[in-house]
Structure formats: C-alpha cells, structure tokens
Amino acid sequence: MKQTFGYHDALIALSTIVSWADGERQDPEVDATIEMVAYERISEKTIEKYQQKTERITKEEDIFRLAIGALLNESQQRRANACAWMYKVALMASDKSTDVKGEHWVDSAKHLDQEELDWINQACKGLEVSEEDMAEAYKKLPTIHTL
C-alpha cells in the first residue's frame, strides 16, 4: 500500500530526520519537537498514525520524499514554516556551550552539523523556499522551553 502524508505528518518527518541527522537526538531537539507538536496542534492520533505509516519504511530518503511531496500541495507559508521548524530543531542542539538561559533553550548557534544543514537545504530547494521566506517563518516560531 502506497503511503501518503499530510501537513502534520510532514512536519513530524522533517523534524525527526533533522534531529537524528548527526547520529543522536539531543534533549533540546526533543524539546523543540514537543513544542512544535503543541504549537502546530498535532494530535496524539496523528502521531500514532504517522508511526504506523513509517513503520515499514527503512530509508530516511523515502520518508523525506513523502514529506516533501505532501508539502508541495501546501501554501508557500506552510512550506516555509516546515523548513523553519527543521532549522529551529537543528539549532537547538548546535551550540552546547550556551544551551540554556533560564527556562529556555538558546538558539543562537555558532554552527550546525553539516548533515543537518544538508537536509534543511535539500528541503528548502525541493519546496522552493528562499532564505528570506524561511527567516520570516522562523521569526514567528515560539521560544523553546526546557522540559
């Protein structure tokens, strides 16, 4: 059976791919994903269905392709939003020297892992999202709280 993704599936997929890109999923990336789920109002039922859809897909590239395909049907704003979430998740764990300020994760990173950057750039290219579009969407995302 051919799998298809909706907008929320695509957000989950892309944030998961970028958070595991460097080989480990760090606490700030998990917190950012949880914040994304709450902010985007992704239901537990949607998460369960996403897990079922991806259970037998073994290649990240296949999940990525499904996510990009789903987002191509969305507005430019939603496509930019998806790329901005990827960037937000990646930034959360990129600067380990100054990662917490009060109850918030600091996202003023000095660098991103190349693997994360490659996925983000590939998504932006595939979705025709410019740096300006992603930067504008990024400004609208919430601050990530430590859990």
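Student: At which relative accessibility is Glu-136 placed, and what does this residue count as?

Tutor: In this predicted model, Glu-136 has a relative accessibility of 40% and therefore counts as partly exposed, since that class lies between the cut-offs of 20% and 50%. Lys-139, at a relative accessible area of 63%, is exposed.

Student: How do Lys-139 and Glu-136 meet, and how many residues apart are they in helix α7?

Tutor: Their side chains form a salt bridge, with 3.6 Å from N to O. Both residues belong to helix α7, which covers residues 131–139, and because they are 3 residues apart there, about one helical turn separates them.

Student: How many salt bridges are there by this rule, and which residue forms one with Lys-53?

Tutor: The count comes to 5 salt bridges. In one of them Lys-53 is joined to Asp-9, the closest N and O atoms being 2.8 Å apart. This pair links distant parts of the chain, with Lys-53 in helix α3 and Asp-9 in helix α1, 44 residues apart. As for the surroundings of the partners, Lys-53 is partly exposed at 22% relative accessibility, whereas Asp-9 is buried at 6%.

Student: Which residue forms a salt bridge with Arg-78, and over which ring does the charged end of Arg-78 sit?

Tutor: The salt-bridge partner of Arg-78 is Glu-74, with 3.0 Å between the closest N and O atoms. The charged end of Arg-78 also sits over the ring of Tyr-7, at 3.8 Å from the ring centre. Arg-78 counts as partly exposed at 36% relative accessibility, and Glu-74 is likewise partly exposed, with a relative accessible area of 21%.

Student: What describes a pair of aromatic rings, and how many such pairs does a search of the whole structure find?

Tutor: The general description uses the distance of the centres and the angle of the planes. In this structure the search finds 4 aromatic pairs. One of them joins Phe-5 and Tyr-50, whose ring centres are 5.6 Å apart and whose planes meet at 55°, a tilted arrangement. Phe-5 lies in the segment before α1 (7–20) and Tyr-50 in helix α3 (residues 44–54), so the pair ties together parts of the chain that are 45 residues apart in sequence. Phe-5 is buried, with a relative accessible area of 10%, and Tyr-50 is buried at 7% relative accessibility.

Student: How far apart are the ring centres of Phe-64 and Trp-119, and at what angle are their planes?

Tutor: The centres are 5.0 Å apart and the planes stand at 50°, so this pair is tilted. Because Phe-64 is in helix α4 (residues 60–71) and Trp-119 in helix α6 (residues 114–127), the pair ties together parts 55 residues apart in sequence. Both residues are buried.

Student: Which residues touch the most other members of the largest nonpolar core, and which element gives the largest share of this core?

Tutor: The core holds 45 residues, and those touching the most other members are Phe-5 and Ile-120. Two or more residues come from each of α1, α2 (27–39), α4, α5 (76–92), α6 and α7, with the largest share, 10 residues, coming from α5. Leaving aside residues up to four places away in sequence, the contacts of Phe-5 include Ala-10, Ile-63, Leu-66 and Ala-70, as well as its ring partner Tyr-50 and Lys-53.

Student: Is Glu-116 buried or exposed, and which residues does Glu-116 touch?

Tutor: Glu-116, located in helix α6, is buried, with a relative accessible area of 1%. Not counting residues up to four places away in sequence, Glu-116 touches Val-18, Ala-21, Asp-22, Glu-29 and Ala-90.

Student: How do the elements of the protein run from the N terminus on, and what share of its residues count as buried?

Tutor: The protein has 7 helices and 2 strands, in the order α-α-α-α-α-β-β-α-α. Of its 147 residues, 45% count as buried. Among contacts with a separation of 6 or more, 80% are between residues 24 or more positions apart. The accessible surface comes to about 8400 Å², and carbon and sulfur atoms account for 48% of that area.

Conventions. Residues numbered from 1 in each chain as written. Predicted model: local features only at pLDDT ≥ 70, side-chain atom pairs only at ≥ 80, totals over all residues. Heavy atoms only, no water. Phe/Tyr/Trp six-rings, centres within 6.5 Å; stacked < 30°, edge-to-face > 60°. Helix = DSSP H or I, 4+ residues; strand = E, 2+ residues; numbered from the N terminus. Buried < 20%, exposed > 50% of the residue type's maximum accessible area, 1.4 Å probe, protein only. Lys NZ or Arg CZ within 6 Å of the ring centre and 35° of its normal. Contact = heavy atoms within 4.5 Å. Areas by Shrake-Rupley, 256 points an atom, 1.4 Å probe, with all protein chains shown as cover. Salt bridge = Lys/Arg side-chain N within 4 Å of Asp/Glu carboxyl O. Core = buried A, V, L, I, M, F, W, Y, C linked by side-chain atoms within 4.5 Å.
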